[in-house]
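Student: Please take one part of this model and walk me through it closely. Then show me how the parts around it are built.

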Protein chains: 2
Amino acid sequence: MTVIAVCQLALSVGDVTGNRAAAAAAVAEAAEHGADLVVLPELCDTGYVFSGAEEARALAAPAADSPTLRHWRALSVQYATTIVAGFCELGDDGRLYNSAAVVSGDEIRTVYRKAHLWDAEKLVFTPGDEPPPVVDLPFGRVGLMICYDLEFPEWVRLAALGGADVITAPVNWPASEVPAGERPSDVVRVQGEASMNRVFIAVADRCRAERGVSWVGGTVIVSPDGYPLAGPVTADHPAVLAASCDLAQARDKRLTAHNDVFTDRRPTLYGPVAK
Amino acid sequence: MTVIAVCQLALSVGDVTGNRAAAAAAVAEAAEHGADLVVLPELCDTGYVFSGAEEARALAAPAADSPTLRHWRALSVQYATTIVAGFCELGDDGRLYNSAAVVSGDEIRTVYRKAHLWDAEKLVFTPGDEPPPVVDLPFGRVGLMICYDLEFPEWVRLAALGGADVITAPVNWPASEVPAGERPSDVVRVQGEASMNRVFIAVADRCRAERGVSWVGGTVIVSPDGYPLAGPVTADHPAVLAASCDLAQARDKRLTAHNDVFTDRRPTLYGPVAK
């Protein structure tokens, strides 16, 4: 069994030192649960609600020379775990990216740049042009995407077809109105996508309002059946949740003796979806 | 406002006369709600749990010469409504199809053949090779797919990109284990897909076990926000639900000043999804 932990953090925009400490404390708590894989939120080093591109630029760092990523590498060694987290990347091209890394055994295993940008992010960041990565780790294959990426079923499908056992998703889900008795649609979408692809999905969200923006607090781990294994928190406080996951379940795409969610696809009929 | 009704029926395999009467009663009840559009279940004329292809063949009829479709045409005139319902089709090619029709103003507006077949259906039916149709009606554009088709996000996307305001789905959702306190994943998937495409989805399911198969009873109408407007029933009894829907909401794909769920797509990056 693989222990996956998802960490819902209270971060402050611009307080990179404080945010790094919050991440370190969450990783330590996740390690107490025996976590093989720890997911932290989007833009976990800088916070999210920038006043504009200038503020983001002042806080950004290149992946290869980022104090934040050095810190996560050290944590990955100290706790013998794999860390997935979002950071504010300054590209070699001088542009800013809303990125996330998979860090394991003192190594940056991949850096992914968010391809679908949300709202004012478009005024700050350049969208990535690469598909969601899938990293082969000793315990299983880890896919990675960021927040609004999850709302594009094509993107989740790409990661699943790429072999992901679990799709990790650092997010900052801004809160919106939820009808009484309903689960927030952000969480519902993730449940649906997990079940349609028969993969685990592990989401780490934010809490505590930042510059007037409040969050869903939807930190959750969902099974390939589409049901939560831990969370959703859906409350405005920090949390570290863990679940033991049999990642091999995600390699069996069968639903019945005659059905398999991958081989039942009719891709020759889906052409226009890619246009 | 457009009134949409979804009808959860108890049907009996082979009892075409009784099933037709159950459909007629449901359409009459929907008409009392002022329904502009009435959705009935999959294989609404014949029932679902065939002993094999021979039994299905004995019950099937060509669309152009089907007593069931004649009956729905008459009902569409009598109640001045549009009927969407599933039937067992004998094709001109001699093959059997799990089909559904949109019937309005005494006309068969489209016949759709299920493209993704579930379980033992593969031993009875030939899958359709045409995309989900979208029918332009006076009150809005009606998309159509059947049951397991809904589990392919590519298919729902096709209907949405094709202009559907509401995707209608006759289904027979076989029950599976649902964790305590959770909504069945069948319903959750539909909620997620409605929100990712910002369309209405109207599902008519079954109730009452048929030859040992029981059903989710998940009849539901979901808004473009991904929340139920009526249902889900999730109980094992017949039901006619109606909701007033502002279908124009489905033509506005914006989420924020900077986001639109269609124009935010990155189709040049989705190539492999179509393969």
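Tutor: Start with helix α4 of chain A, residues 153-161. Eight of its nine residues are buried, so the helix is largely enclosed by the rest of the structure. This is a predicted model. The cut-off for buried is 20 or more other C-beta atoms within 10 Å of a residue's own.

Which residues of α4(A) are buried? The run begins with A:Pro153, A:Glu154, A:Trp155 and A:Val156. A:Arg157, A:Leu158, A:Ala159 and A:Ala160 are buried too. Charged side chains are therefore included in the set: Glu and Arg count as charged, and both A:Glu154 and A:Arg157 are on the buried list.

What do these buried residues pack against? Within chain A, the partners are β6 (134-137), β7 (140-144), β8 (166-170) and α5 (185-197). Chain B adds its own α4 (153-161) and α5 (185-197). The enclosure of α4(A) thus draws on both chains. Just after the helix, A:Gly163 takes a positive phi of about 105°.

Now the contact between the chains. It takes 43 residues from chain A and 43 residues from chain B. On the side of chain A that touches chain B, α4 and α5 of chain A each supply at least two residues. α5(A) gives the most, with eight residues. By type, that side of chain A divides into 19 nonpolar, 10 polar and 14 charged residues.

How do the two copies relate? Chain A can be laid on chain B by a turn of 180° and a shift of 0.0 Å along the axis, with an RMSD of 0.0 Å. That is the relation of a two-fold axis. The interface residues fit this picture. Of those in chain A, 100% are also interface residues in chain B, so the copies meet through the same surface.

Confidence next. The model scores ipTM 0.97 and pTM 0.98. For chain A, the mean pLDDT is 97. In that chain, 99% of the residues reach 70 or more.

Turn to the sheet of chain B. Six strands form an open sheet there, in the order β6-β7-β8-β9-β11-β12. The pairing is mixed. The edge strands are β6 (134-137) and β12 (228-230) of chain B, and each pairs on one side only. Neighbouring strands of this sheet are turned by 25° against each other on average, direction ignored. At the β12 end, strand β11 (residues 220-222) of chain B meets β12(B) through two bridges. The two strands run antiparallel. B:Val222 stands opposite B:Pro228 in β12(B).

Back in chain A, look at strand β4, residues 96-104. Is β4(A) mostly covered or mostly open? It is mostly covered: nine of its nine residues are buried. Both faces are covered. One side carries A:Leu96, A:Asn98, A:Ala100, A:Val102 and A:Ser104. The other carries A:Tyr97, A:Ser99, A:Ala101 and A:Val103.

β4(A) pairs with two strands. Nine bridges join β3(A), residues 82-90, to β4(A), and the pair runs antiparallel. A:Leu90 stands opposite A:Leu96 in β4(A). The hairpin of β3(A) and β4(A) has five residues between the strands. In this hairpin, A:Gly94 takes a positive phi near 80°.

The other partner is β5(A), residues 107-113, joined to β4(A) by six bridges. This pair is antiparallel as well. Here A:Ala100 stands opposite A:Tyr112 in β5(A). The hairpin of β4(A) and β5(A) has two residues between the strands, and A:Gly105 takes a positive phi near 55°.

Chain B has a β4-β5 pair to set beside it. β4(B) (residues 96-104) and β5(B) (residues 107-113) pair antiparallel over six bridges. B:Ser104 has B:Glu107 in β5(B) as its bridge partner. The hairpin has two residues between its strands, and B:Gly105 in the turn has a positive phi of about 55°.

One last residue is B:Ala53, in helix α2 (residues 53-59) of chain B. Beyond its neighbours within four places in sequence, B:Ala53 is in contact with B:Leu96, B:Leu123 and B:Val124. It has 14 other C-beta atoms within 10 Å and is therefore partly exposed. B:Ala31 lies 22 residues away along the chain, and the C-alpha atoms of B:Ala53 and B:Ala31 are separated by 35 Å.

Note on methods
Residues are numbered from 1 along each chain as its sequence is written. Chains are lettered from A and ligands numbered from 1 in the order in which they are written. Helices (H or I, at least four residues) and strands (E, at least two) are DSSP runs, numbered from the N terminus. A residue is buried if 20 or more other C-beta atoms lie within 10 Å of its own, exposed if 12 or fewer, and partly exposed in between; C-beta atoms are placed from the backbone. Two residues are in contact if their C-beta atoms, placed from the backbone, lie within 7 Å. Copies are superposed by least squares on the C-alpha atoms of residues with pLDDT of at least 70 in both. pLDDT is the predictor's confidence in each residue, from 0 to 100. Two strands pair if DSSP finds at least two bridges between them. Axes are lines fitted to C-alpha atoms, for helices over the stretch in contact, and angles run from 0 to 180 degrees between N-to-C directions.
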